[in-house]
Amino acid sequence: MNDKKFQDLLPARVIAQFTNQYRIITEEGELVAEVSGKFQFDANKRSDYPGVGDWIAVQPLQGEKRAIIHAVLPRRSVMLRRAAGSIPEEQVIGANLDTLFIVSALNDDFNVRKIERYLIAAWESGAAPVVLLTKSDLCADTPSRIAAVEAIAPGIAVHAVSALQGVGKEALASYMLPGRTLAVTGSSGVGKSTLLNWLADVDLQRVQEIREDDARGRHTTTHRELFPLPCGAVMIDTPGMRELQLWEAANGRQEAFSDIEELAAECRFRNCTHETEAGCAVKHALDDGVLDSRRYANYKKTGRELAHQARKEQNLSKRQKKGSDKRLDGRFTSTDRKKIDLE
């Protein structure tokens, strides 16, 4: 807060986000906040706005439990996804995270391909990813599923827990240190809110039973919110996602599929397509069964998805620039143009 333009403002943190308002925490307690008019004018994209976990500079309103947000301070890490809708734009899931818990349930909805997608976003965020396999009491062979996740998440810690039976909490103690910010993300019904309640030793969030017909959950959490834990850490709970839409995550994809990237580096040709070329290390690994064909298919699918998204974003930027140029051009009359030409 040494910047002169922030001298009359106070630091705060966003603890909940709604449509046009935020709940924030300051040294003096909780306030409801909105962004200033200048903030809205200067914001170029959706992710410029505050997200849960963001540190912000605010001006409390005299005699009210309200404040105006003037700036978002630089983020140490941020998890993004592509927002719903036809217009490509990024949405902040959580900011300034130390650890990101990717939560997947050990029931009939268990899917390592989903976990791979979350790992891409997690690596891109800058936070340290950890996979939590919940509802271990519903799984007849937990070790095999842990092994399946470890095979697609090299170097990442994988823990199986059961809030119902109170199993596995001690393994999470090393992440839950004072001052640390944790976040949970995953599909609906995997037990994110149950996990939060269990770690907090109190019911902070409402939970629902999963659907019996397909083992998938119902949406319970409706907005992102940050909660304090007894250990001194804080945790961000997020709404469940049917499918995580990736956003500008090329680096995260390389990290999540580092084994395939390493194989590709061994191919004879630098521009190898891994299809018919001689000396293709990727094709050789597939033929030998060293590389799982389903993992490789997901690698290709996410690559196509990110490339398609990048093209859509470029086209949108071109249209926006063209529209802006037309509006600017319309501000000048023919007389104005003649004066400029004469000068």
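Helices here are DSSP runs of H or I with at least four residues, and strands are E runs of at least two, numbered from the N terminus. The model on your screen is predicted.

**Whole chain**

Start with a cartoon of the protein chain. By that assignment, nine helices and 13 strands make up its secondary structure. Switch to a surface view. The chain exposes about 18,800 Å², and carbon and sulfur atoms supply 50% of that area. Of the 343 residues, 46% are buried. Now turn to contacts. Take those between residues at least 6 apart in sequence: 64% of them join residues at least 24 apart.

**Strands β1 to β3**

Select residues 10-17, strand β1, and residues 22-26, strand β2. The two pair in the antiparallel sense, over four bridges. Four residues form the hairpin link from β1 to β2. For one rung, pick Arg13: its bridge partner in β2 is Ile25.

Add residues 29-35, strand β3. β3 also pairs with β2 in the antiparallel sense, here over five bridges. The hairpin from β2 to β3 runs through two residues. Arg23 of β2 stands opposite Val32 in β3.

Show the side chains of β2. Which of them point to the buried face? Tyr22, Ile24 and Thr26 do. Arg23 and Ile25 point to the other face and are not buried.

Stay on Arg23 and bring up Glu30. The two form a salt bridge, with the closest N and O atoms 3.2 Å apart. Arg23 is partly exposed, at a relative accessible area of 23%. Glu30 is partly exposed as well, at 44%.

**The largest nonpolar core**

Return to Ile24 and select outward. Ile24 is among the residues with the most contacts inside the largest nonpolar core, together with Met79, Ile115, Leu119, Val131, Leu133 and Val149. This core has 60 residues. Colour helix α2, residues 112-125: the helix gives the core its largest share, seven residues. In soluble globular proteins, nonpolar side chains tend to be buried together.

Centre on Val131. What does Val131 touch, leaving aside residues up to four places away in sequence? The list is Ile102, Ile115, Leu119, Val149, Ile156, Ala157, Val158 and His159. Another core lies apart from the largest one. Select Phe101, Leu196, Trp198 and Leu229, which are among its 21 residues.

**Salt bridges**

Now show the charged side chains. The count comes to 16 salt bridges, taking a Lys or Arg side-chain nitrogen within 4 Å of an Asp or Glu carboxyl oxygen.

Pick Glu64 and Arg66. Their side chains meet in a salt bridge at 2.8 Å, N to O. Glu64 is partly exposed, with a relative accessible area of 41%. Arg66 also counts as partly exposed, at 32%.

Go next to Arg295 and Glu116. Their salt bridge has its closest N and O atoms 2.7 Å apart. Arg295 lies in helix α8 (residues 293-329) and Glu116 in helix α2, so the pair ties together parts that are 179 residues apart in sequence. Are these two residues buried or exposed? Both Arg295 and Glu116 are buried.

Finish by adding Arg113 and Asp259 to the selection. Salt bridges with shared partners join these two, Glu116 and Arg295 into one network. Side chains of opposite charge can pair when their charged atoms come close.

Conventions:
Residues numbered from 1 in each chain as written. Predicted model: local features only at pLDDT ≥ 70, side-chain atom pairs only at ≥ 80, totals over all residues. Heavy atoms only, no water. Buried < 20%, exposed > 50% of the residue type's maximum accessible area, 1.4 Å probe, protein only. Contact = heavy atoms within 4.5 Å. Areas by Shrake-Rupley, 256 points an atom, 1.4 Å probe, with all protein chains shown as cover. Core = buried A, V, L, I, M, F, W, Y, C linked by side-chain atoms within 4.5 Å. Pairing = 2+ DSSP bridges.
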